[in-house]
Amino acid sequence: MNGPLKSGYLLLFRSDEWYKELSHDELQKLISQNNAWIERLMTQGKARTGQPLARQGAVVSGKNGSRISDGPFAESKEVIGGYLMLDVETFEEAVAIARTSPNLAYGTSIEVRPLTDECPLDACERQLAQEGQLATAAA
Amino acid sequence: MSIQTKNGYMLIFRGTDWHNGLSPEQMQQVASQWMAWFKRLTAEGKVVAGNPLEHEGKIVSGKNGRVVADGPFAESKEAIGGYFLLKVDSLDEAVAIAQECPGLPYGARVEVRPVMDQCALSGEAQPETQLAETTA
């Protein structure tokens with residue numbers, strides 16, 4: 001890993017702890033569905049890597065990171081419960097894959113985001129510079 | 001703050017609006033600080049992956065994924081701008097790294113989350129399996 005990846009898509013799975021309401025049989029079934037889903041994507045070379053995240057942790061903010069608030073984040077529907085990195089060519093295909101997740105039926109939502117190797121700050125700075133040139137040209 | 005995992009931690013950079021007030025020079029400075037930070041952590045073997053994310057995106061939800069919405073991504077405090085995957089052994093170390101984020105003085109926030117080796121679903125299924133075996 002020498003730097004940011006140039007392409008690909010990140011799926012972020014968000015949900016509350018809906019799975020705590022399921023029966024044991026329902027859970028087992030869903031686990032096998034999820035495993036099969038991910039294995040198929042891996043075999044097809046469409047998923048690169050993915051991991052679940054604990055519903056614990058911390059949020060760091062403030063100058064010099066002086067504010068640290070602890071998780072957990074159990075209650076919220078917005079909590080990210082895991083991610084999956086996709087190696088596909090188009091945004092449409094990434095969305096199409098997201099739509100086949102077995103967890104959607106239970107209220108999980110999936111954020112689909114393109115990876116980039118350009119820092120958003122650089123992009124922003126370039127845009128400002130262009131606007132500056134335009135303003136100068138117009139003056 | 002004693003959560004330990006052999007799987008590492010994910011840093012999630014929150015906020016896509018904090019750099020709005022910066023001058024182009026300041027932006028360049030923060031961007032190069034950020035890249036230097038990423039490269040140093042990579043050289044130290046503490047970062048295994050990391051990427052900025054484009055602002056555009058979609059949210060898929062509903063049974064069979066029938067709801068596909070644009071977004072979230074008007075610039076906001078909660079929107080995710082990028083992530084690092086850390087290979088460190090303790091939450092304390094992950095938090096200490098998060099505290100070095102060059103965006104913090106300008107209002108960026110960093111969420112630090114332990115990576116699990118099995119999904120929460122399996123975790124839920126586990127105790128009941130054991131119970132079932134014990135009663136069988």
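Two strands count as paired when DSSP finds at least two bridges between them. With that in hand, here are some close-up views of this predicted model.

**View 1. Strand β3 of chain A meets strand β6 of chain B.** Let's start where the two chains share a sheet. β3(A) pairs with β6 (residues 109–114) of chain B in the antiparallel sense, over 3 bridges. To find your place, look for Ala58(A): its bridge partner in β6(B) is Val112(B).

**View 2. The hairpin of β3 and β4 in chain A.** Here β3 (residues 58–61) and β4 (residues 67–70) of chain A run antiparallel and are joined by 4 bridges. Val60(A) is a handy landmark, standing opposite Ile68(A) of β4(A). Between the strands lie 5 residues, and in this hairpin Gly62(A) adopts a positive phi near 85°.

**View 3. A sheet built from both chains.** Follow the strands across this open sheet of 6 and you will read β2(A)-β5(A)-β1(A)-β6(A)-β3(B)-β4(B), with antiparallel pairing. At the edges are β2 (47–52) of chain A and β4 (67–70) of chain B; each has a single partner strand, so one side of each is left without a neighbour in the sheet. From one strand to the next, the twist averages 20°.

**View 4. Helix α2 of chain A on the sheet.** Packed on that sheet is α2 (residues 91–98) of chain A, which touches β1, β5 (80–86) and β6 of its own chain as well as β3 (58–61) and β4 of chain B. The direction of α2(A) makes about 160° with that of β6(A).

**View 5. β6 of chain A and its two partners.** On one side, β1 (residues 9–14) of chain A pairs with β6 (residues 109–114) of chain A in the antiparallel sense over 6 bridges. Within this pair, Tyr9(A) stands opposite Pro114(A). β6(A) also pairs with β3(B), again antiparallel, over 3 bridges. There, Glu111(A) has Ile59(B) as its bridge partner.

**View 6. The contact between the chains.** Chain B brings 55 residues to this contact and chain A brings 54. Several elements of chain B each supply at least two residues to the side touching chain A, among them β1 (9–14), β2 (47–52), α2 (91–98) and α3 (120–135). Which element of chain B gives the most to that side? It is α1(B), with 8 residues. Sorted by class, the side of chain B that touches chain A holds 32 nonpolar, 14 polar and 9 charged residues.

Conventions. Residues numbered from 1 in each chain as written. Chains lettered and ligands numbered in written order. Predicted model: local features only at pLDDT ≥ 70, side-chain atom pairs only at ≥ 80, totals over all residues. Axes fitted to C-alpha atoms, helices over the stretch in contact; angles between N-to-C directions. Contact = placed C-beta atoms within 7 Å. Nonpolar A, V, L, I, M, F, W, Y, C, P; charged D, E, K, R; others polar.
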